[in-house]
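Let's take a walk through a protein model together, one stop at a time. Keep the 3D view open and find each residue as we go.

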Amino acid sequence: MTIPYGRQSISEEDIQAVVDVLRSDYLTQGPAVPRFEEVVNEWCGSSYATAVNSATSALHIACLALGVGSGDRVWTSAITFVASANCAHYCGAHVDFVDVDNDTYNMSIDHLEEKLVTANKSGTLPKVVIPVHLAGQSCDMEAIKRLSNIYGFRVIEDASHAIGATYKGAPVGRCDYSDVTVFSFHPVKIITTGEGGVATTNDQELAARMALLRSHGVTRDPNQMFNPPHGPWYYEQITLGFNYRLTDISAALGTSQIRRLAEFVDERHRLARRYNSLLVDHPVRIPWQHPDTHSSFHLYVVRPDLGRLQATHREIFERLRAQGILANLHYIPVYRHPYYASKGYRRSEFPNAEQYYSEAISLPIYPGLTDGEQDRVIAALLEPRGYQTLF
Ligand SMILES: *Cc1c(COP(=O)(O)O)cnc(C)c1O
């Protein structure tokens, strides 16, 4: 039996919620989407939620709603999924990266500040900064907010990993320190809608712009129109938008899943604690948790001491994979991808991201992972070199 690094947990209630939509009048643009947006707002304590067909779409329309365009600069973390950076390129903006912190692997506040000081002198400050809550642990949002006040950038939290997490006791997504927060509902994430995402905000105007961009830039609200309606059929396209809508089928699954969000996060914490205890007294760094945060533990990232384990990073991955354990690496530094590499980023600017990439391993973690499977993972991780040839 192979063990993936993450997977969904689907209940009979989830299945019934989807079936109910399939038997209803609306498969899309019906009541399930606003209902899901309502429960996301209830969970997060945010004022507005715009549900879309992926977090990638949410990042794109969040950038556009904040006015990101050609010639602008957007900064994100060096260690993230490519979507956190691609959204800026969709808008014609330039992307740059901030190195990660050595303890949390989130955007380093020191490197961010250093880069801002330099950019301020050369007139190249970013319009938007996108901190990423890696593995589900919130970034130091208070520090990022303080810097945004000084240097005038806007903030989009890429919380794709972090629904169900808290920062300073408040739910991630409440946007206390940001303009917009984005969540992903891909099946490997904390809760799922199949594909899907949402953008939360407390800014009514941003929410209205994102709602417009989600559906072709078309409005049926006479107050937004340029002309008086010609009749009851009338709608107007008032900007260039997309079809980024979430279906009612997906939204109903999301509304059902969010009921178990607290339970999912608790179970992920139990699994993380169990991994921690299995790794006590072994030369493997466990995920460090900042006291201001309560992670959703989307990922459980370890950093083995390769010297003491007498194995290369690649050998450990190959050993795990050979035993059906689909450990993964989150992530390849974005500037290393060929699409980005040609744009002239210098690896030497990101020493922590480079070191992280040479050591990090995401071990399987998801509700449904059994104690026996966890034991198998740890045994494979710690297996002494030459074990197979000895016996
Ligand atoms: C998964 C993920 C995304 C993209 O989410 P989709 O819903 O698949 O578009 C963006 N950023 C990060 C950090 C992610 O992990």
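## A histidine with an unusual backbone

Start at His216, which sits in the loop between α7 (204-214) and β10 (218-219). Keep in mind that this is a predicted model. Look at the backbone here: phi of His216 is near 70°, a positive value in a residue other than glycine. Most residues other than glycine have a negative phi. Is His216 buried, partly exposed or exposed? It counts as partly exposed, because its relative accessibility is 37%, and the partly exposed class lies between 20% and 50%.

## Another positive phi, and a cis bond

Now hop over to Gln310, in the loop between α10 (306-309) and α11. Gln310 isn't a glycine, yet its phi is positive too, near 50°. With a relative accessible area of 51%, Gln310 is exposed, since the cut-off for that word is over 50%.

A different kind of backbone feature turns up at Tyr331, which has its place in the loop between α11 (313-322) and α12 (338-341). The peptide bond leading from His330 to Tyr331 is cis, and its omega is near 10°. Most peptide bonds are trans.

## Two helices side by side

Next, find helix α2 (residues 32-44) and helix α8 (residues 248-258): their axes come within 8 Å and cross at roughly 30°. That angle makes α2 roughly parallel to α8, because angles under 35 degrees get that label. The crossing of this pair, α2 and α8, is left-handed.

Who does the touching? From α2, the residues are Ala32, Val33, Arg35, Phe36, Val39, Val40 and Trp43, and they meet Asp248, Ala251, Ala252, Gly254, Thr255 and Ile258 in α8. Sorted by class, the contact of α2 with α8 has nine nonpolar, two polar and two charged residues.

While you're at α8, click on Gln257, which lies in this helix. Is Gln257 buried or exposed? It is buried, because its relative accessible area is 1% and the buried class covers anything under 20%. Not counting residues up to four places away in sequence, Gln257 touches Ser9, Ile10, Asp14, Ile191, Thr192 and Phe264.

## A second helix pair

Helix α9 (residues 261-278) and helix α14 (residues 371-382) have axes that come within 11 Å and cross at roughly 40°. That makes α9 oblique to α14. Their crossing is right-handed. On the α9 side, the contact is made by Arg270, Leu271, Arg274, Tyr275 and Leu278, and on the α14 side by Asp371, Gln374, Asp375, Val377 and Ile378. What classes do these residues fall into? The contact of α9 with α14 divides into five nonpolar, one polar and four charged residues.

## Inside the nonpolar cores

Finally, peek inside. The largest nonpolar core has 75 residues, and the ones touching the most other members are Phe97, Ile156, Tyr300, Ile361, Leu363 and Leu381. Which helix gives the largest share of this core? That's helix α3 (residues 55-65), with seven residues.

Zoom in on Ile156. Leaving aside neighbours within four places in sequence, Ile156 is in contact with Leu59, Ala62, Cys63, Leu66, Val128, Val129, Ile130, Pro131, Val180 and Val182. Apart from the largest core lies another one, of 26 residues, and among them are Val39, Phe183, Leu246 and Ala251. You've already met Val39 in α2 and Ala251 in α8, in the contact between those helices.

Definitions and conventions
Residues are numbered from 1 along each chain as its sequence is written. This is a predicted model: local features need pLDDT of at least 70, side-chain atom pairs count only at pLDDT 80 or more; totals for chains, interfaces and linings use all residues. Side-chain values use heavy atoms; hydrogens and water are left out. Axes are lines fitted to C-alpha atoms, for helices over the stretch in contact, and angles run from 0 to 180 degrees between N-to-C directions. Helices (H or I, at least four residues) and strands (E, at least two) are DSSP runs, numbered from the N terminus. Angles under 35 degrees count as roughly parallel, over 145 as roughly antiparallel, 65 to 115 as roughly perpendicular and the rest as oblique. A crossing is left-handed if the near helix is turned anticlockwise from the far one by less than a right angle, and right-handed if clockwise. Contact means heavy atoms within 4.5 Å. Ala, Val, Leu, Ile, Met, Phe, Trp, Tyr, Cys and Pro count as nonpolar, Asp, Glu, Lys and Arg as charged, and the others, Gly among them, as polar. A nonpolar core is a set of buried Ala, Val, Leu, Ile, Met, Phe, Trp, Tyr and Cys residues joined through side-chain atoms within 4.5 Å. Buried means under 20% relative accessible area, exposed over 50%, partly exposed in between (1.4 Å probe, protein chains only).
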